[in-house]
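Here is a quick walk through one protein model, written for someone who would rather be at the bench. Take a look at the sequence and the structure first, then read on.

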Amino acid sequence: MTPDPATPAPDAESGAEVADDQAPLDDQALSDDDANPETNGENETSETKRRRSFWRDLSVIVIAALILTILLKAFVVQVFSIPSASMENTLLVGDRILVNKMVYRFRPIERGDIVVFSGSGSWDPPTPAPGSLFDRVWGDVTGLVGIAGPGTDYIKRVVGVPGDHVVCCNALGQVTVNGVALSEKSYLYPDAAPSQIRFNITVPPGRLWVMGDNRADSDDSRYRTGDPGGGTIPESAVVGRAFVIIWPLSRITDLPIPNTFQQAGLRAAAAAGTAQPAAVGGAAAALSAGVLVWRRRRRS
């Protein structure tokens, strides 16, 4: 029996017909690529340009980050890692802190500030400068994130500023500044005495008397009284003020000046101590002016 020409072909044959219909398209696509080799060349050139652009952009980002790192560390802020127990429990070993290097451009160093300072040339022998540019840049990078190795930087609390008379201790065992007793319980190591070492010093101009909060385990001004400056450090050696703990996360907090250093009597005593020479100078100036006026009148 002859098949009816209008009868649809079997499914298998239909599938074959679909495949036959698609085959020429695939062949055509292949033939188009083969017929246009310039298209492949353009694609490869475009890919090469994209790779070069990526590496160029990455290089610019790295160089800009290095420059920003150096500028931040040099002028604005730096991360320091606490290496010892001398400031416990205010600062613990391994804490990372931010140090503001700009603040003392706008205000003087104050009593109660926690400062980082360089001991090179003061408490320690001078340290040689890094020999190569790479060493300097690497030191800036590691210093910014607080992973630099141990150096000659110290961190202590300022107790006396230039002109202060700092004494240990009064009848109650307290450190006094200009005759005013400091109540230090809020920041000293728990149950620690303010000092077991007695001292009596007037802080020279341009220098600072500094002490650790863990007085029983702190290499500070009290142990340097035989050095030039009587244990004080030069203000010029101060790197900046520690103002916040940033790591670990459980210890994030700011580092304010304790209230005991805000006593009106302490500031008044300091002002009185510095006002006296000015008053004498003013009196001498007034006397000299009077003598000059008297001489001119006699000549006239």
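Let's begin on the outside. Phe54, Trp55, Leu58 and Val62 come together as a nonpolar patch on the surface, and their accessible area adds up to about 410 Å². Keep in mind that this is a predicted model. One member of the patch, Leu58, sits in helix 2, which covers residues 37-76. Is Leu58 buried or exposed, or somewhere in between? Leu58 is partly exposed, since its relative accessible area is 34%, and the partly exposed class runs between 20% and 50%.

Next, the cysteines. How many disulfides does a search of the whole structure find? The search turns up one. The partners are Cys168 and Cys169, with their sulfur atoms 1.8 Å apart. The torsion about their S-S bond is about -55°, so this disulfide is left-handed. Both Cys168 and Cys169 are buried.

Now for the charged side chains. Side chains of opposite charge can pair when their charged atoms come close. In this structure there are nine salt bridges. Here are three of them, with the distance between the closest N and O atoms:

| Salt bridge | Closest N and O atoms |
|---|---|
| Arg107 with Asp113 | 3.1 Å |
| Asp113 with Arg241 | 3.1 Å |
| Arg215 with Glu184 | 2.7 Å |

Start with the pair of Asp113 and Arg241, whose closest N and O atoms are 3.1 Å apart. This pair links distant parts of the chain, 128 residues apart: Asp113 is in the loop between strand 2 (96-100) and strand 3 (114-118), while Arg241 belongs to strand 11 (residues 238-247). Why does Arg241 count as buried? Its relative accessibility is 14%, and buried means under 20%. Asp113 is buried as well, because its relative accessible area is 0%. Arg107, the other partner of Asp113 in the table, is partly exposed, with a relative accessible area of 22%. These pairs belong to a bigger picture, too: a network of salt bridges links Arg107, Glu110, Asp113 and Arg241.

The remaining pair in the table is Arg215 with Glu184, where the closest N and O atoms are 2.7 Å apart. Arg215 lies in the loop between strand 9 (207-211) and strand 10 (233-234), and Glu184 in the loop between strand 7 (180-181) and strand 8 (199-202), so this salt bridge ties together parts that are 31 residues apart in sequence. Arg215 and Glu184 are both buried.

That leaves strand 3. Which strands does strand 3 pair with? One is strand 4 (residues 153-160), which runs antiparallel to strand 3 and is joined to it by five bridges. Along this pairing, Val115 stands opposite Lys156 of strand 4. Another is strand 11, again antiparallel, with three bridges to strand 3. There, Val116 has Gly240 of strand 11 as its bridge partner. How enclosed is strand 3 by the rest of the structure? Four of its five residues are buried, so strand 3 is largely enclosed.

So strand 11 turns up in two places: strand 11 pairs with strand 3 through three bridges, and strand 11 also holds Arg241, which forms a salt bridge with Asp113.

Methods
Residues numbered from 1 in each chain as written. Predicted model: local features only at pLDDT ≥ 70, side-chain atom pairs only at ≥ 80, totals over all residues. Heavy atoms only, no water. Patch = residues over 30% accessible without salt bridge, like charges linked within 9 Å, V, L, I, M, F, W, Y side chains within 5 Å. Areas by Shrake-Rupley, 256 points an atom, 1.4 Å probe, with all protein chains shown as cover. Salt bridge = Lys/Arg side-chain N within 4 Å of Asp/Glu carboxyl O. Buried < 20%, exposed > 50% of the residue type's maximum accessible area, 1.4 Å probe, protein only. Disulfide = S-S within 2.5 Å. Pairing = 2+ DSSP bridges.
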